[in-house]
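Me: I would like a close look at a single part of this structure, with its pairing partners followed one after another. Please take the strand that comes earliest in the chain and say how it sits among its neighbours.

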Amino acid sequence: MNILLKSVKIFDTNNKDLHLKRRDILIKNGIIDKIAVKIEAPSKTKVIEHSNLHVSVGWFDSSISFGEPGFEERETITNGLQTAAKSGFTDIVLNPTSYPIPDSSSDIVFLKNAAKGHATNMYPLGCLTVKGEGNDLAELYDMKNAGAVGYYDFKHAIENSNLLKIALQYAQNFNGLVMSFPLDFKIAGKGLVNEGEVSTKLGLKGIPSLAEELQIARDLFILEYTGGKLHIPTISTAGSVRLIAEAKKKGLDVSCSVAIHNLFFTDEHLVEFDTHYKIMPPLRTKSDVKALLKGLKDGTIDTVTSDHIPMDIEQKRVEFDNAASGSIGLESAFGGLNKIMDLELTIALLTKGRERFGLVTPVIKEGELASLTIFDPELEYTFDTKNILSTSKNSMFLGAKLKGKALGIIANGQII
């Protein structure tokens, strides 16, 4: 298939000759054939024109959850990848949240095969420990050979310090990426939301910032001792930003991410006990959000993520105490981030992070494979159910005013 993008504004900070320029882009059989001020459409070419058409390197998300296998009612891989594509993402990292939990090479092979043929590439994480129970290391090397891009007991910290030490030492033999969720569950206890003024007013049990920061401090001490590569997903507090900044100054090989909803909302949104706002890590305070934004701008925080977690209605339409944590976020990721940041930084954040997972960042260049996201950054709208493409509808962005919308992707020889 031939595709011609007409008069698109290119966002690519790695290519100063094209960055912020308007050009036509001709794609033949999935390859960028020509980039020029004006290109006449060859025969049998799909021409894409839009009043405010923008294009960038395909977007990347490092924390996506689906349901298949085991929880297909939440989200299948097929619908999840279609949703990712229509939300602008050409590459996603899949969390180990299915059943059975992917803790062996055969599980990784199943997930890789299930994603074949889609426009969006899916890269699975394997569990760090057997069944995600935190007791024994899983088959890390075998999973690496099968295609796993890292190891993570989803939303669970490694409580056994020695196990984390051994994992970091062992994974160095094959450049493996170890992930540890930042939450000390003994400090968090039965907490549901951020511990502070809002939790006190609402009478909800709180999770103090200490629970996150204590876990990060311990993990960084172990990393300093062992070496290796550590990724800390979805941090949420100002103290966490400081700890990671100090670790990077020491030269430790650590990276971290933040969920877009932890930048967009605060714990003040909990006043009506809406379970859509029940997430993990919890929504924090305005001062935490300010520190997180600063950490993104100065490079302390490496990437943003939608932290997309589908949950069916039975898990959300219950009392706050009993509701499951999590929100979908693919469809609202760009509009939410672009609402609170300038466009250039928004695109930079959505296109970075692949290298940490051993992936190659695409480029906009003649002769290269096309891996592009098409978007309109000025479109303003109120996010509602018609914007949700996921099977589950548990979005905390419902009713939020967003700016910018993905129009689709061109990747793997397909246009979505």
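Reply: Two strands count as paired if DSSP finds at least two bridges between them. In this predicted model, six bridges join β1 to strand β2, residues 22-28, and the two run antiparallel; within this pairing, Ile-3 stands opposite Ile-27 of β2.

Strand β1 is also joined to strand β4, residues 45-48, by four bridges, and here the direction is parallel, with Ile-48 of β4 serving as the bridge partner of Leu-5. A further parallel pairing, over three bridges, links β1 with strand β5, residues 54-57, where Ser-56 is the bridge partner of Phe-11.

As for its surroundings, β1 covers residues 2-11, and eight of these 10 residues are buried, so the strand is largely enclosed by the rest of the structure; buried here means under 20% relative accessible area.

For context beyond this strand, there is an open sheet of three strands, ordered β6-β7-β8 with parallel pairing, whose edge strands, β6 (59-64) and β8 (121-124), each pair on one side only. The twist in that sheet averages 20° from one strand to the next. Strand β7, residues 89-94, is joined to β8 by four bridges in the parallel sense, and Asn-121 in β8 is the bridge partner of Asp-91. Helix α2, residues 105-114, packs on this sheet and touches both β7 and β8, its direction making about 170° with that of β8.

Definitions and conventions. Residues numbered from 1 in each chain as written. Predicted model: local features only at pLDDT ≥ 70, side-chain atom pairs only at ≥ 80, totals over all residues. Heavy atoms only, no water. Buried < 20%, exposed > 50% of the residue type's maximum accessible area, 1.4 Å probe, protein only. Axes fitted to C-alpha atoms, helices over the stretch in contact; angles between N-to-C directions. Contact = heavy atoms within 4.5 Å.
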